[in-house]
Amino acid sequence: MIPLRRFRALILAVFLAACALHIVLDLLPKLGRRAARPSGEPGCSCAQPAAEAAAPGWAKARGRPGEPPAPASAAAGDSGWPNKHTLRILQDFSSDPSSNLTSHSLEKLPPAAEPAESALRGPDPGAPRPRDPAHRPLLRDPGPRRSVPPPGPSGDGSLLARLFEHPLYQVAVPPLTEDDVLFNVNSDIRFNPKAAAESPNWPPGGPEDEAFLPTGEAAVDAYPNWLKFHLGINRYELYSRRSPAVEALLGDLGAQKITSVAMKSGGTQLKLIMTFQNYGQALFKPMKQTREQETPPDFFYFSDYERHNAEIAAFHLDRILDFRRVPPVAGRMINMTKEIRDVTRDKKLWRTFFISPANNVCFYGECSYYCSTEHALCGKPDQIEGSLAAFLPDLSLAKRKTWRNPWRRSYHKRKKAEWEVDPDYCEEVKQTPPYDGGQRILDVMDMTIFDFLMGNMDRHHYETFEKFGNETFIIHLDNGRGFGKYSHDELSILVPLQQCCRIRKSTYLRLQLLAKEEYKLSLLMAESLRKDRVAPVLYRPHLEALDRRLRVVLRAVGGCVEKDGLHSVVHDDLDAEHRGSTQR
């Protein structure tokens, strides 16, 4: 009996020694880092080894120096969530070789594919100085914020500034009455960003003790930029040509602190609703393709990827065409751990995070297409590029009406839509309200030209503000399937223009202006896009395709003029007698 007891005691001693050794080995790195930390410093932002940087923040996130502590509710929400060890068990392996290509595009473009923006880019005096090679931060420094002046007169030789000084870009909208503005600050609504945040459609999670509560009596200058943008919407435009709020809002989209993230319901692909510290909201579309990738030739238009850079480029193109019907969109590098995973209260989204075999943080969310581990969105190690589109006013404050596009495609693999087989289809459309009067048919022609220049075949519906009835502009929303092919011009997008043979004079003259060498569309787009934080936004062949497609549009209008005559085709919206009813 004595040898048996000694044997058991020996086994127990070995077991306890192994446990103690394991605990010591596990604590040594943490004690070493704590000893190296300066006294009084609550955290450490020093470099991490590549293996440790693979899963930042899977344990409870630490506050950085200078940042306020997280709310108690957020800490309580994280306490019961799995740690990094249980999450590794849930990880899956992606078979998509492009799933890790979601970092900044400059690292992937070959030298021969340098975008045209570089031709216009000089040395940036505000560029950050080179860092010490020994300093290797886990997260890329976004660099200093660059203030972007609103388009307007300047002496810096800017081609874009010269364009906006042209007489065609000085045409004023009709005088605005109370019925022509979306909101009347003095009588309609007491604007309160925090009250708006408490609406049923507003995702929770914003800070509750923010000292930013402008009221109806406060000066408009005290409002956040997203609210100034909303207040500037009227019957004729989403924003004015020289609105300083739009440029400031673009800066906010790229820099404001994100306090809450939730998945957007509906839609075929993953989109996230992001709420900012100032209670503004934006729609985030993550990067899925590199700049130089084209849509595969065997893809149907309704199964194509939605591209974040197409949303950014669409806003700039819309402004250069002087439509001003696309809400402001800006690019941004997002920290997937700190700005999505750690602030979301959407458990369905949170559960889709995992660590890839390449030690990158990935997630895929829930949607109809491309939401699986095979199409996961992965960072390097946890940064991902995307677009942020400013929200329009909440539907509870400003209702919008959704219209079916008369030239909607069939969204079927074999069937064709009626307009594809009936050359006289436009005559039927022009006999149907609201296309039988007013400016709506001309708005559709503007939208057709806009979509053709981008190569966007996915315009199945459009929206208008209900307050303004049928006499208002079309909002150009959801442009993510543009700029998919630079080597192919989809002529079927131009069918509405070719069938109806109608165009505004202001649109026609601006297109002719942008076809001239001194106001070349591709150079204007390159200069405008250069201001974005994720520049270069477009691959150079896409910019060249804009010039080519612009010539195609002008030839189509020229053919209509030759067939039906100038006065039948071109609607004179620049004449003083027509200006009161025009949608420009």
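A residue counts as buried when its relative accessible area is under 20%. The structure described here is a predicted model, and this cut-off is applied below to the partners of several salt bridges.

The model contains 25 salt bridges. In one of them, Glu311 pairs with Lys285, with the closest N and O atoms 2.5 Å apart. Glu311 belongs to helix H9 (residues 308–320) and Lys285 to strand E3 (residues 281–286), so this salt bridge ties together parts that are 26 residues apart in sequence. Glu311 has a relative accessibility of 6% and therefore counts as buried; Lys285, at 5%, is likewise buried.

A second salt bridge joins Asp443 to Arg325, at an N to O distance of 3.8 Å. Asp443 is located in helix H14 (residues 440–454), whereas Arg325 lies in the loop between H9 and strand E4 (329–335); the pair thus links distant parts of the chain, 118 residues apart. Both Asp443 and Arg325 are buried.

The salt bridge between Asp489 and Arg548 has an N to O distance of 2.8 Å. Here too distant parts of the chain are linked: Asp489 is in the loop between strand E10 (461–465) and helix H15 (495–500), Arg548 is in helix H18 (residues 540–564), and 59 residues separate them. Asp489 counts as buried because its relative accessibility is 18%, while Arg548, with a relative accessible area of 28%, is partly exposed. Elsewhere, Glu237, Arg241, Asp322, Arg324 and Arg510 are joined into one network by salt bridges that share partners.

Strand E3, which carries Lys285, also takes part in a sheet. This open sheet has 5 strands in the order E1-E2-E3-E8-E4, with antiparallel pairing. Strand E1 (258–263) and E4 stand at the edges with a single partner strand each, so one side of each lacks a neighbour in the sheet. From one strand to the next, the twist averages 35 degrees. Within the sheet, strand E2 (residues 272–276) pairs with E3 in the antiparallel sense over 4 bridges, and Ile273 has Leu283 in E3 as its bridge partner. Helix H8 (residues 244–255) packs on the sheet, where it touches E2, E3, E4 and strand E8 (383–390). The direction of H8 makes about 15 degrees with that of E4.

The surface offers a further feature. Leu4, Phe7 and Ile11 form a nonpolar patch there, with about 290 Å² of accessible area together. Of these residues, Phe7 is placed in helix H1 (residues 2–36).

Definitions and conventions:
Residues numbered from 1 in each chain as written. Predicted model: local features only at pLDDT ≥ 70, side-chain atom pairs only at ≥ 80, totals over all residues. Heavy atoms only, no water. Patch = residues over 30% accessible without salt bridge, like charges linked within 9 Å, V, L, I, M, F, W, Y side chains within 5 Å. Areas by Shrake-Rupley, 256 points an atom, 1.4 Å probe, with all protein chains shown as cover. Salt bridge = Lys/Arg side-chain N within 4 Å of Asp/Glu carboxyl O. Helix = DSSP H or I, 4+ residues; strand = E, 2+ residues; numbered from the N terminus. Buried < 20%, exposed > 50% of the residue type's maximum accessible area, 1.4 Å probe, protein only. Pairing = 2+ DSSP bridges. Axes fitted to C-alpha atoms, helices over the stretch in contact; angles between N-to-C directions. Contact = heavy atoms within 4.5 Å.
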